[in-house]
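Visitor: Please take a close look at one part of this model, the surroundings of the ligand. After that, go on to the parts of the protein that lie beyond.

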Amino acid sequence: MKDNKKAIVTGCPGQDASYLCELLVEKGYSVYGVSRRSTRENSNMLFVENLTNNRYNAVTMDVTDPSGVSDLVKNVQPDEYYNLAAMSHVGQSFKEPASTLMADGMAVTYALEAIKNYAPNCKFYQASTSELYGKVEEGLKLDENSEFKPRSPYGAAKMYAHNMVSIYRDSYGIHGSCGILFNHESERRGLNFVTRKITTGVARVKCGHERHVVLGNIDAIRDWGHARDYVYGMWLMLQQENPDDYVLATGETASVREALNYVCDLAELNMDEVYKINPKFMRPAEVPYLCGDPSKAKKVLGWRPQHNWKSLLELMYKSDYRTAAREVYTYR
Ligand code: GDD
């Protein structure tokens, strides 16, 4: 690797960026970690900033501001740009469809334009998503050639971004790659995503802090892996000579119900006494089933996920249990 490669990473308060920044700093990059002013206080961000000393540069910027994005690219002259900033909660995107389009769609065009104009050799990573596929037949394993039919404002905005990367690749020779990532979770996952709701919720019930875990559609089926494995895949994509799109997934599925049951078993609790359903967590249109086929990433990138949904949930539960057990006793 050339001395002191420079990378811009957006979405720095988030789970994925926290792992990616750690990886890049470890590999000797100078990292420019972008976050909005309003999200700077997030714990993942502070964790990264504390850990990474002088190789990590915290940048306050809004990715939906085109002049901010182009100034940053012009000034930094990055070798790599990882676009992880997004309004990433699918359910919430139904409540704020227009701002979702700005953050998850238009912001990608601003970044691509900045790269085209000021750093045309910079490699670009776009966080695409399995939400692009929408409603598919149960049992199918989805790959890079499967049809995209998004069912949420989030999915539609991400599809626009996905298409723009391919357009800039073909039209201007930009080295833009999209990772079509299936669900990826960790001990740092936001508390409003279902795996973390389950692991933290069950841990809190176990410790007597709460009576129930309240969920929406527990019949949904997902392919869950560990975020640390997936950010390594992102980095691998940008080390290739040619840009391309890759599915990252485990190829294994479980329903939300099975995930909850598994975590309740770890906690030695009876699932039926632990959960409640509240329709407010149901979505206007659901994606009932997603399972990925990561064969291409395995073959071309040599990528291998280290966790499946069970080992992932066990890590998450143990971490949340340790936290809950330290909290003052509040119920029982
Ligand atoms: N969040 C949430 N909260 N989801 C619930 C709940 C609940 O209380 N109860 C059931 N679910 C169901 C959702 O309806 C969905 O079918 C499934 O659990 C997973 O929901 P999330 O964890 O919110 O993830 P997601 O699949 O919608 O989207 C995540 O993965 C995508 C693919 O990687 C997000 O991280 C997206 O940003 C990402 O693109």
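Guide: The answer starts at the ligand, then turns to the core, one arginine, one helix and two loop residues.

This is a predicted model, so local features need pLDDT of at least 70 and side-chain atom pairs count only at pLDDT 80 or more, while totals for chains, interfaces and linings use all residues. Residues are numbered from 1 along each chain as its sequence is written, and side-chain values use heavy atoms, with hydrogens and water left out.

The ligand is surrounded by 25 residues, where a residue is near if one of its heavy atoms lies within 4 Å. The closest are Ser-88, Thr-129, Tyr-154, Arg-283 and Glu-286. Ser-88 has a backbone N or O atom 2.6 Å from an oxygen atom of the ligand. For Thr-129, an N or O atom of the side chain is 2.7 Å from a ligand oxygen. Leu-181 has a polar backbone atom 3.0 Å from an oxygen atom of the ligand. The ligand alone exposes 710 Å², and the protein buries 97% of that (areas by the Shrake-Rupley method with a 1.4 Å probe). The elements that give two or more residues to this shell are α7 (194–206) and β8 (213–215); helices (H or I, at least four residues) and strands (E, at least two) are DSSP runs numbered from the N terminus. Sorted by class, the shell has eleven nonpolar, eight polar and six charged residues. Here Ala, Val, Leu, Ile, Met, Phe, Trp, Tyr, Cys and Pro count as nonpolar, Asp, Glu, Lys and Arg as charged, and the others, Gly among them, as polar.

Arg-189 sits in the loop between β7 (184–185) and α7, and α7 is one of the elements named for the shell. Arg-189 has a relative accessible area of 14%, so this residue counts as buried (under 20%; exposed is over 50%, and partly exposed is in between, with a 1.4 Å probe and protein chains only). The side chain of Arg-189 makes a polar contact with the side chain of Glu-185 at 2.8 Å (N or O atoms within 3.5 Å, one able to donate a hydrogen and the other to accept it; residues adjacent in sequence count only through side-chain atoms on both sides). Leaving out residues up to four places away in sequence, Arg-189 touches Gln-15, His-184, Thr-195, Arg-196 and Met-316 (contact is heavy atoms within 4.5 Å).

Next comes the largest nonpolar core, which has 31 residues (buried Ala, Val, Leu, Ile, Met, Phe, Trp, Tyr and Cys joined through side-chain atoms within 4.5 Å). Val-9, Leu-20, Leu-24, Tyr-82, Leu-84 and Tyr-125 have the most contacts inside it. Elements supplying at least two residues each include β1 (6–10), α1 (15–26) and α8 (227–238). The largest share, eight residues, comes from α8. Among the residues that Leu-84 touches are Val-9, Leu-20, Tyr-125 and Met-234.

The helix α3 (66–76) has Gly-68, Val-69, Ser-70, Leu-72, Val-73 and Val-76 buried. Those residues pack against β1, β2 (30–35), β3 (56–60), β4 and α5 (97–118). After α3 comes Gln-77, in the loop between α3 and β4 (80–83). Gln-77 is not a glycine, yet has a positive phi of about 50°. Most residues other than glycine have a negative phi. At 37% relative accessibility, Gln-77 is partly exposed. Glu-268, in the loop between α9 (256–266) and α10 (271–274), also has a positive phi, about 55°. Glu-268 counts as exposed, at 69% relative accessibility.
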